[in-house]
Amino acid sequence: MIVVYKNFFRNRMVNLSKKSVQHFLPDAKFYAVSLFKHSTDEYASQEPLDADIVNCYRQTKWVLNNNRPLDTTVDSESAGYAYLGNARLFCEGLNFVYEEFKHTNEKVLMLAEDHFFTTGETLRELTNNEFDWSYGTWTNSTDVNGSILCFRPQALSYLLPIEEGMGTVEPYLEEKITLQVDPSKRHRLTTRHHLDYHGDGFYTNSSEAMTTALKDAGII
């Protein structure tokens, strides 16, 4: 499986999440699309990404300027928490990932930096099921948790790249992708519904919380 992180100045989280995936999928190939505002020099203060992560930089069109931290132990205080325009942020990342891998039909797992796993059940589900589009849900059976998307790029070339529209990501990706994919070609994850991750990691915006959980699980 190809695993790609949409990264916006959260290298530490990417490294932690990668370790959780690699624990369960040792043969996975890891990539990061690291978004910058004006220059790649902006990453100089970040810890280096692990050497087995292939990194490519892309300039983002969308910058959060709400003066909130990107990594905090209080989720509600983070920059992206409940951001009403987050559809375009996730869709931009999805478009960059699609552009990088549009010539393959291998499964591509796109993760937000803070999305991680502690039991591996989600990754087993992605490995053992066939689909063109797999997603976690938020409020119903077809809307989309933007922090975990798995798809076959060639198979979805009729939908991607996607318009980077306004609004919240969950109903936006539901309308633009989920409902456009034949139900027989999509897979709804049983381990991701709203904030319930069924014990396989949990929703967070904190590298500190990720570190504690991964240590408790014996992964790091």
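Tutor: Start with a definition. A charge sits over a ring if NZ of Lys or CZ of Arg is within 6 Å of the ring centre and within 35 degrees of the ring normal. The model we apply this to is predicted.

Student: How far from the ring centre of Phe90 is the charged end of Lys6?

Tutor: The distance is 5.3 Å, with the charged end over the ring. The cut-off is within 6 Å, so the distance of Lys6 passes.

Student: What makes Arg192 and Tyr197 a case of a charge over a ring?

Tutor: Arg192 lies over the face of Tyr197, 4.1 Å from the ring centre. Set that against the limit of 6 Å, and the distance qualifies.

Student: Now ring against ring. What describes a pair of aromatic rings?

Tutor: Two values do: the distance of the centres and the angle of the planes. To count as a pair, the centres must lie within 6.5 Å. The count here is 6 aromatic pairs.

Student: Why are Trp133 and Tyr135 given the label they have as a ring pair?

Tutor: Their centres are 6.3 Å apart, within the 6.5 Å limit, so they pair. Their planes stand at 25°, and under 30 degrees counts as stacked, so the pair is stacked. Trp133 and Tyr135 are also both buried.

Student: Which residues do ring pairs link into a cluster?

Tutor: Phe8, Phe9, Tyr43 and Tyr57.

Student: Phe9 again. Where does it lie, in terms of β1 and α1?

Tutor: In the loop between β1 (2-7) and α1. Its phi is positive, about 60°, although Phe9 is not a glycine.

Student: How do you know whether Phe9 is buried or exposed?

Tutor: Its relative accessibility is 13%. Buried means under 20%, so Phe9 counts as buried.

Student: Which label does His194 get for its accessible area, and why?

Tutor: Its relative accessible area is 32%. That falls between 20% and 50%, so His194 is partly exposed. His194 is in the loop between β7 and α5. Its phi is also positive, about 55°, although His194 is not a glycine.

Student: And Ser184, buried or exposed?

Tutor: Exposed: the relative accessibility is 56%, and the threshold is over 50%. Ser184 lies in the loop between α4 and β7 (186-193). Its C-alpha atom is 9.9 Å from that of Trp133, with the two positions 51 residues apart along the chain.

Student: What makes Trp138 count as buried?

Tutor: A relative accessible area of 17%, which is under 20%. Trp138 lies in the loop between β5 (133-137) and β6. Leaving out residues up to four places away in sequence, Trp138 touches Asp143, Asn145, Glu170, His193, His194 and Leu195.

Student: Is Asn15 in helix α1 buried or exposed, and how do you know?

Tutor: The value is 2%, against a cut-off of under 20%, so Asn15 is buried. Beyond its neighbours within four places in sequence, Asn15 is in contact with Glu47, Pro48, Leu49, Asp50 and Ile53.

Student: On to helix packing. At what angle do α1 and α5 pack?

Tutor: At about 25°, with the axes 10 Å apart. Angles under 35 degrees count as roughly parallel, so α1 and α5 get that label. The crossing is left-handed. In α1, Arg12, Met13, Leu16, Ser17 and Ser20 meet Ser207, Glu208, Met210, Thr211 and Leu214 in α5.

Student: How are α2 and α4 set against each other?

Tutor: They pack at about 50°, with axes 8 Å apart. That makes α2 oblique to α4. An angle of 50° is neither under 35 degrees nor in the range 65 to 115, so it falls to the rest. The crossing is right-handed.

Student: Which residues meet there, in α2 and α4?

Tutor: Asn86, Ala87, Phe90, Cys91 and Leu94 in α2 meet Val169, Tyr172 and Leu173 in α4. The buried residues of α4 are Val169, Glu170, Tyr172, Leu173 and Glu174. They pack against α2 (86-101) and β6 (148-151).

Student: What makes the peptide bond from Leu160 to Pro161 cis?

Tutor: Its omega is near 0°. Pro161 is found in the loop between β6 and α4.

Terms used: Residues numbered from 1 in each chain as written. Predicted model: local features only at pLDDT ≥ 70, side-chain atom pairs only at ≥ 80, totals over all residues. Heavy atoms only, no water. Phe/Tyr/Trp six-rings, centres within 6.5 Å; stacked < 30°, edge-to-face > 60°. Buried < 20%, exposed > 50% of the residue type's maximum accessible area, 1.4 Å probe, protein only. Helix = DSSP H or I, 4+ residues; strand = E, 2+ residues; numbered from the N terminus. Contact = heavy atoms within 4.5 Å. Axes fitted to C-alpha atoms, helices over the stretch in contact; angles between N-to-C directions. Parallel < 35°, antiparallel > 145°, perpendicular 65-115°, else oblique. Left-handed = near helix turned anticlockwise from the far one by under 90°.
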